[in-house]
Amino acid sequence: MNRIIKMTAITALTAVSVSCGNSAHEQQDKDFRYLIDEFADLKIMRYRIPGWDGLTLQQKEYVYHLGEAAKYGRDILWDQHCKYNLPVRKVLESILENYKGDRECGDFQDFTVYAKRVFFSNGIHHHYAEDKFFPDCPEEYFRMLMKESGCDMSSADLLLDVIYDPDLYPQRKSGDPDADIVAESAVNFYENVTREEVEKFYHDMADPSDETPVSYGLNSKVVKGQDGVVREEVYRIGGLYSGAIEKIVGELEKAAAVAESDLQRQYIATLVEYYRTGDLKLWDKYNIEWVRDTLGTVDFVNGFIEDYSDPLGRKASWEGLVNIKDHDASRRTEILSENAQWFEDNSPVDSRFRKKTVKGISAKVINATTLGGDCYPSTPIGINLPNADWIRKEYGSKSVTIANITHAYDLAAQESPKNTLNEFAWDENEIAMAKKYLSITDEIHTDLHECLGHGSGQILPGVSPNALKEYSSTLEETRADLFGLYYIADPKLVELGILPDSEAYKAQYSNYIRNGAMVQFSRVELGRKNTEAHMQNRKLIADWCYEQGKADNVIEKKVREGKTYFVVNDYEALRGLFGRLLAEVQRIKSEGDYEAGKKLVETYAVNIDPELHKEVRARYDALGLKPYGGFVNPDIVPVEKNGKVVDYKVVYTDDYLGQMLQYGRKYATL
């Protein structure tokens, strides 16, 4: 549950103040096209890999095999999102590869846009809004494409119903608190079971006195057989997803042979054994070993990690990410890590909920080399792991800010002539402040969110880490964002040399309120609720602060020429509100107060004012921007000489659909 997502709806705000650092990089960026495709509500970008040529051959080989392991998990994620995703994808691939008819007509163009959307979302549900989307071409035309492309027509009726019927699997994850959110969701974590049955299953399994509990259910599907018995199908070799996991393990073992250190070889061996057995105690062992590795240049994430897709916030989607450390840029995050105890001690939360001793906080700036699973093609810009609270408390955590992804977002935004800043900011002073400070404060807020926010605080003894259930992801992101917002205004950041002056934070405050209360709803279809965890957390914070500060006019809702604006009038008072809300959200987590957490989310995070929503969509649509973005991976290609690999080169593809079809051919495992 610990990652931060880039809001591309506001990316163009930061583009004006991006600097590449030196003339060589500036020339490279000038010659490099970041934005390569746009369709529906999406844009596709490329990212560069700075520092590649500075790696040794051994490090490049290590990155290569880790990258292959990240790609081989792709089919797992597709199947987890919905059990019909893989059959639908294979039909799309077959049509795109084999159809010999007219590809220039409007219907085929509509089909192609649908296929691109499915590839982007790793399934038939929107990657962010989680609602099912539909082709604009007629169903009978789609049937004809299947027949003419040699698809197996015995399942055509079923698959066309899955694709076209709005009442069949309408949402990947149900957002209705009054419904059975297990039975009503399209996710493939559960089969023939109700929420009540699942919660009882794990309640009976857990030991409330265990101070080092495994993450029960993280790597399994819960099913009820014809005998009426509820059981788990575990993701492991010889179990569920064995075909994919065998390929992942094969590449991890090749990577271990060329790892940078014995510690890396050790935790890869533990990860492999976990994949072989499905034993969650080995997953914890791996995380403890992995979090201790702070010296290597190459690092990776690989496994069943984040639980955003599960309506109960328990089961993890598969993801992979490979990266190399940016040693120079990491100095900023290292300073934050070195001062982690100061931030913990001076937090506005109750002292009972603070860590007495902060352990093992490490942070760095990285450049991604391969995105996989739930990180591809839409990827976070910051990650904090591991997720287990007791491991964080006893062993610490690792936080990363993904610099080349943020850089690509910003430079792709420069390729678009319009931005949201001029449309949604109140006046020229607000615009000037954003241009001067927003780029750096975005980075610092991400650092604080990931490096310190997720790792801060503690739950009380006896409180279950799953106590907040379906609200846990939203409240955890709220907590980390509030930590960053509260501290970005602290003079300590200027004292440490992280921020240039005491005015910089104001750009972040204005932007956060403007986005949370208004701009981000450009991403949501009219009439829909706000369901994604990160968007819910931003709305919760903005709306709660607006309401709580209304008597003192801390945030003012202004209307000019029929357009709405949210303007911060008192930045110091707003910081105080952030602190108050942080204290309450930390209390909710520390005490496991489900009812209070539910009330916060349902009151402030879910329902969008319909008139404001309509206005935001109209204003945003007039700009011609795409609110969501994702990436193609660079291809890392072995260079052979006399039958021996002598180097690995980076090839930057600009063919989004081509990469999706290539991955379908090369990395299909299920």
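The paragraphs below lead through two sheets, several aromatic contacts and the nonpolar cores of this structure, which is a predicted model.

A good place to begin is the open sheet in which three strands follow the order β2-β3-β14, with mixed pairing. Strands β2 (35-39) and β14 (628-631) stand at its edges, and because each has a single partner strand, one side of each is left without a neighbour in the sheet. On average, and with direction ignored, neighbouring strands of this sheet are turned by 25 degrees against each other. Strands β2 and β3 (residues 42-45) run antiparallel and are joined by four bridges, and within this pairing Phe39 has Leu42 of β3 as its bridge partner. Helix α15 (residues 403-414) packs on the sheet and touches β2, β3 and β14, with a direction that makes about 125 degrees with that of β14.

Another open sheet is built from three strands in the order β4-β5-β6, and its pairing is mixed. Here β4 (190-191) and β6 (230-234) take the edge positions, each with a single partner strand, so that one side of each is left without a neighbour in the sheet. Strand β4 pairs with β5 (residues 220-224) in the parallel sense over two bridges, and Tyr190 stands opposite Val222 in β5. Lying across β4, β5 and β6 is helix α8 (residues 195-205), which runs at about 80 degrees to β6.

From the backbone we can turn to the rings, of which the structure holds 39 aromatic pairs. One of these is formed by Phe32 and Tyr34, which meet edge-to-face at 4.8 Å centre to centre, with 70 degrees between the planes; Phe32 and Tyr34 are both buried. Arg48 also takes part in this neighbourhood, since it lies over the face of Phe32 at 4.6 Å from the ring centre. In a comparable way, the charged end of Arg560 sits over the ring of Tyr565, 4.8 Å from its centre.Among the 39 aromatic pairs of the structure is also that of Tyr72 and Tyr667, an edge-to-face pair with 5.0 Å from centre to centre and 80 degrees between the planes. Tyr72 lies in the loop between α2 (57-71) and α3 (74-81), whereas Tyr667 lies in the segment after α25 (656-666), so the pair ties together parts that are 595 residues apart in sequence. Both Tyr72 and Tyr667 are buried. Elsewhere, one aromatic cluster is formed by Tyr235, Tyr241, Tyr267, Tyr274, Tyr275, Trp283, Tyr286, Phe300 and Phe304.

The cluster members Tyr275 and Phe300 lead on to the interior. In soluble globular proteins, nonpolar side chains tend to be buried together. The largest nonpolar core of this model has 133 residues, of which Ile95, Phe119, Phe142, Leu252, Tyr275 and Phe300 touch the most other members. Leaving aside residues up to four places away in sequence, Phe300 touches Tyr62, Leu66, Leu252, Tyr267, Ile268, Leu271, Tyr286, Trp290, Leu321, Val322 and Asn323. A second, separate core holds 65 residues, including Ile361, Cys545, Val554 and Leu582.

A last residue to consider is Lys325, which is found in strand β8 (residues 317-325). Is Lys325 buried or exposed? Lys325 counts as buried because its relative accessibility is 14%, and the limit for a buried residue is under 20%. Not counting residues up to four places away in sequence, Lys325 touches Thr294, Gly296, Thr297, Ser330, Glu334, Lys364, Val365 and Ile366.

Key. Residues numbered from 1 in each chain as written. Heavy atoms only, no water. Pairing = 2+ DSSP bridges. Axes fitted to C-alpha atoms, helices over the stretch in contact; angles between N-to-C directions. Contact = heavy atoms within 4.5 Å. Phe/Tyr/Trp six-rings, centres within 6.5 Å; stacked < 30°, edge-to-face > 60°. Buried < 20%, exposed > 50% of the residue type's maximum accessible area, 1.4 Å probe, protein only. Lys NZ or Arg CZ within 6 Å of the ring centre and 35° of its normal. Core = buried A, V, L, I, M, F, W, Y, C linked by side-chain atoms within 4.5 Å.
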